[in-house]
Amino acid sequence: MSAKAISEQTGKEFLYKHICTTAAVQNRFRYANVTAETDWKQLVQDHPWLLTERLVVKPDQLIKRRGKLGLVGVNLDLEGVKKWLQTRLMKETMVGKAKGILKNFLIEPFVAHKQEEEFYVCIYAAREGDYMLFHHEGGVDVGDVDSKALKLLVGVDEKISADTVKSQLLTHAPADKKEMLNSFLVGLFNMYEDLYFTYLEINPLVVTKDGVYVLDMAAKIDATADYLCKAKWGDVEFPPPFGREAYPEEAYIADLDAKSGASLKLTLLNPRGRIWTMVAGGGASVVYSDTICDLGGVNELANYGEYSGAPSEQQTYDYAKTILSLMTREKHPDGKVLIIGGSIANFTNVAATFKGIVRAIKDYQVPLKEHEVTIFVRRGGPNYQEGLRVMGEVGKTTGIPIHVFGTETHMTAIVGMALGHRPIATQPRVAAHTANFLLNTSSGTTVSDSENSSKHTIMMFCFPLFLPLLFLCPSLLISVAKSTTLFSDHTKSIVWGMQTRAVQGMLDFDYVCSRQEPSVAAMVYPFTGDHKQKFYWGHKEILLPVFKNMADAMKKHPEVDVLISFASLRSAYDSTIETMQYPQIRTIAIIAEGIPEALTRKIIKMAEEKGVTIIGPATVGGIKPGCFKIGNTGGMLDNILASKLYRPGSVAYVSRSGGMSNELNNIISRTTDGVYEGVAIGGDRYPGSVFMDHVLRYQDTPGVKMIVVLGEIGGNEEYKICNGIKEGRITKPVVCWCIGTCATLFSSEVQFGHAGACANQASETALAKNKALEEAGAFVPKSFDELGDVIKSVYDNLVAKGVIVPAKELPPPTVPMDYSWARELGLIRKPASFMTSICDERGQELIYAGMPITEVFKSEMGLGGTLGLLWFQRRLPRYACQFIEMCLMVTADHGPAVSGAHNTIVCARAGKDLISSLTSGLLTIGDRFGGALDAAAKQFSKAFDSGMLPMEFVNKMKKDGKLIMGIGHRVKSINNPDMRVQILKDFVKQHFPAAQLLDYALEVEKITTSKKPNLILNVDGFIGVAFVDLLRNCGGFTRDEADEFVEIGALNGIFVLGRSMGFIGHYLDQKRLKQGLYRHPWDDISYVLPEHMTM
């Protein structure tokens, strides 16, 4: 949601910090917060004025009319405050229908004043701008301010002026206070705008000769503006409405939501309730809550929430386990039901999200059975059949009753089943995947005979005669009326953002609609250079241009008149404003959710001036069957075919919700000849275009025979439809239903999934709107459950009258399925190019050899343990991990003279980069330098395993003319031992359970050093034989596995990894010392030339 209420303390803190006015604002920051945990001694130390001032105390918990409820203690000393709080703090009280505990209080200085010094001021946001209300008589008995107060509208992008405030608001204010009030009101409005408030009320505002006092204040801010206002807001806490506790689980889900591109919402209504929901989609979540309440379940409804926007499997798992944890804490005598519902998804992979839910169900299967939980599932969308199959299977394997339904079942039918109002249906088997890309030729469905003529109608309306004038004279745009027809089968668009899946979906839709050319002309993506992107057009591949900047795209594609913006919420405003600089663009769809309302209103104002139709923000878009679809609208191709969206029908609809628009596609296709056009205007408070904009277009479109509107709680746009019907402007049948009827039944305010789904007054409730629509002459069902029946009844009546004449169905062309999606559905198999068994990065968390990365750190296994997982696929004993780390330490470097370090240094001094220099050093590693670990391990193992005595082994190697790998050192000897070997030897003897091969090698060393003192067991040889002992005796490997690791070269990896640290050190050292190009000195080179070449 966007507009969120803040506490009075937070609101005053914002005001005191940021208001800019010449009026003397008194009592700045003089407030103290009191809870049950308050230390009064500390409070008095922090606020010494508590001991010297008369005080006011009141709860700060979003309670309205506290004075009339007796919840304000006035003109008390500190002891009086404490006594007043004794009867109220942590006590349960009723405020309206809400019952809650008073737990947070605010103490402020008491301000002695006269009644005539009290004023009322309120600022609130509206689509057209911000209204400031002022009344010269404020206080508890202010009454109906809407009718009494003076009102000033400051339009979008307009500035407030002191003269206007004085002339329009302060006409009844006392003359001696006008200047002070004027300055304060102007400063207050500027602060309101600057900090993205959406509502701010002060009552009373007291003005005395000493200055201005803000006594009581209520405010809301636009939470979506956090990225713009973080520096000024700081960390804002949004308290829950009075009567509803703030649960840690709600905070947990809110945190998940903040970290995700998906939408995750949870509000606990009654944690002891027996009816729990887990619904996909903001609109669908409201519809399910409505239906539960309609069927008498309001007192047992435990929660409201939604998940949408393609959450990952892990995110869905986290969400689901939170719900399951909550619902299995307290048993209910009648058992419990969990409704896992949703509309038909546009782009969310249903199977992927259901996998997360299934994981959670498996984890909680025992408590779910103990609490006698029955689960009802209804879903549609991409890969929904696989999701339903998996959900059904988990019911069978766990023994939990799970009833599964797909798109053949009405969306809310499962609610009646769950609550016992209708029998649980036995469903026919559905296809196992979403691969039904071919139309069922046995279908007897018919379409209107207006289908053929509709394309001509579209062409007639698509290019009005005055359109060329717009390009000749852009100034005419200010007075341009928006076109009746937004899309035709010739419409061309530009897509902003690298949304390849959405674009491919649009092209597949174009192809199945038999369009001659793709509807996407180009893409704009500022983060890459100009290039071409490959897509499919039916069976063949095509290239679409991708431009870095919009100007180039517009210049090269003047035929484009639609822009589909997938820009993020942070960049959507700027990119949309830029788009409207090009007169060729007539329609813009803004997909992003969470654009600050103030910025959205600026977009709307500019669009009105330029005659541009805005669809969105916070929308999936819209669809015109047979012509054009926006992005992911309508879902995948199987849903396009099932809902007959490849050709026009006779019914046009408009809704707020994107998910519910796809559900309307399904309902309308099952009850009528199909959809002519459908638009989801978006769930924000201020959608770019409103219901009436599209209803009037449909009224003026000959191909549309009836109109369906899915309205929503919040706002007043539906009343315009009422007026249109009453005035005769709308003559076609209108079927309308406003969702959110459950809101009036809740004891405390619930913010639904859409930002605009909140009633600020009685007329904005869904019940009031449905009643008004019915009285105006619209066809209004009794509930959403009956929406399809009403649509069918109206349609059948039009057919009976001959208004709609059904015609035969025409099958669309077939479209091949993408390989990636076919693989996702399990329709094909292909040998993998790679196999891996050590690491998996695909999930929510990186996994090393089966161990999540968080567990790796919790175990404190260190680098040695991590190497054990990645190299040996084992969790090695602690001593083994320590030994590996010691080996890395002792092999890290051996000075600049050895060949590897020398090469690295030469490369570094030649100006080469780190990777090149390191590689140069590593390439010298082999049998002669550093690569003796494997060879030593193999030689000593073979000799030991064959039963050779150490002397026999030495003699055989001498006889064969072979060096014993790991024996010998240029500098160290029996008299000058290598301390690296000594350190490792002491560790092995102390910690290894057995070291038979090492003992054998030490016996060999005795023989070789007796011949020459420098023929010692060197560090390479020691590590090689000790590692064999480790692999054979640590208990983690079979003998064959241990020998295999030696054979495939694992031990040399120790030297390579360790010495890489030293090589990098030498590289950095040379760069730091700024050493120049190396040239080897002549006097260190022996020039041996052929004799005939000498002088």
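How many bridges join strand S15 to S17, and do the two run parallel or antiparallel? The legends below start there; keep in mind that this is a predicted model.

**Figure 1. Strand S17 and its partners on either side, S15 and S18.** Three bridges join S15 (residues 275-277) to S17, and the two strands run parallel. Here Ile275 stands opposite Val337 of S17. S17 is also joined to S18 (residues 373-378), this time by five bridges, and that pair runs parallel too. For a landmark in S18, look for Phe376, the bridge partner of Ile339.

**Figure 2. The whole sheet, with S15, S17, S18 and S19 in that order.** This is an open sheet of four strands, and the pairing is parallel. S15 and S19 (402-405) sit at the edges with a single partner strand each, so one side of each has no neighbour in the sheet. On average, neighbouring strands are turned by 15° against each other, ignoring direction.

**Figure 3. Strand S17 (residues 336-340), covered on both faces.** In a regular strand, side chains alternate between the two faces of the sheet. You can follow that split here: Lys336, Leu338 and Ile340 are on one side, Val337 and Ile339 are on the other, and all are buried. With five of its five residues under 20% relative accessible area, S17 counts as largely enclosed by the rest of the structure.

**Figure 4. Helix H10 lying across the sheet strands S15, S17 and S18.** The helix covers residues 313-327. Relative to S17, H10 runs at about 165°.

**Figure 5. Helix H8 against helix H10.** Two packed helices are described by the angle between their axes and the distance between the axes. For H8 (residues 248-258) and H10, the axes come within 11 Å and cross at roughly 175°. That is over the 145 degree cut-off, so the two helices are roughly antiparallel. On the H8 side, the contact involves Glu249, Tyr252, Ile253 and Leu256, which meet Asp318, Tyr319, Lys321, Thr322 and Leu326 in H10. Sorted by type, the contact residues are five nonpolar, one polar and three charged.

**Figure 6. Helix H20 (residues 597-610) and the glycine just after it.** A quick geometry check: at 1.5 Å a residue, the 14 residues should span 20 Å, and the end C-alpha atoms are indeed 20 Å apart. The buried residues of H20 are Glu597, Leu599, Thr600, Arg601, Ile603, Ile604 and Ala607. Right after the helix comes Gly611, with a positive phi of about 70°.

Note on methods: Residues numbered from 1 in each chain as written. Predicted model: local features only at pLDDT ≥ 70, side-chain atom pairs only at ≥ 80, totals over all residues. Heavy atoms only, no water. Axes fitted to C-alpha atoms, helices over the stretch in contact; angles between N-to-C directions. Parallel < 35°, antiparallel > 145°, perpendicular 65-115°, else oblique. Contact = heavy atoms within 4.5 Å. Nonpolar A, V, L, I, M, F, W, Y, C, P; charged D, E, K, R; others polar. Expected span 1.5 Å × (residues − 1). Buried < 20%, exposed > 50% of the residue type's maximum accessible area, 1.4 Å probe, protein only. Pairing = 2+ DSSP bridges.
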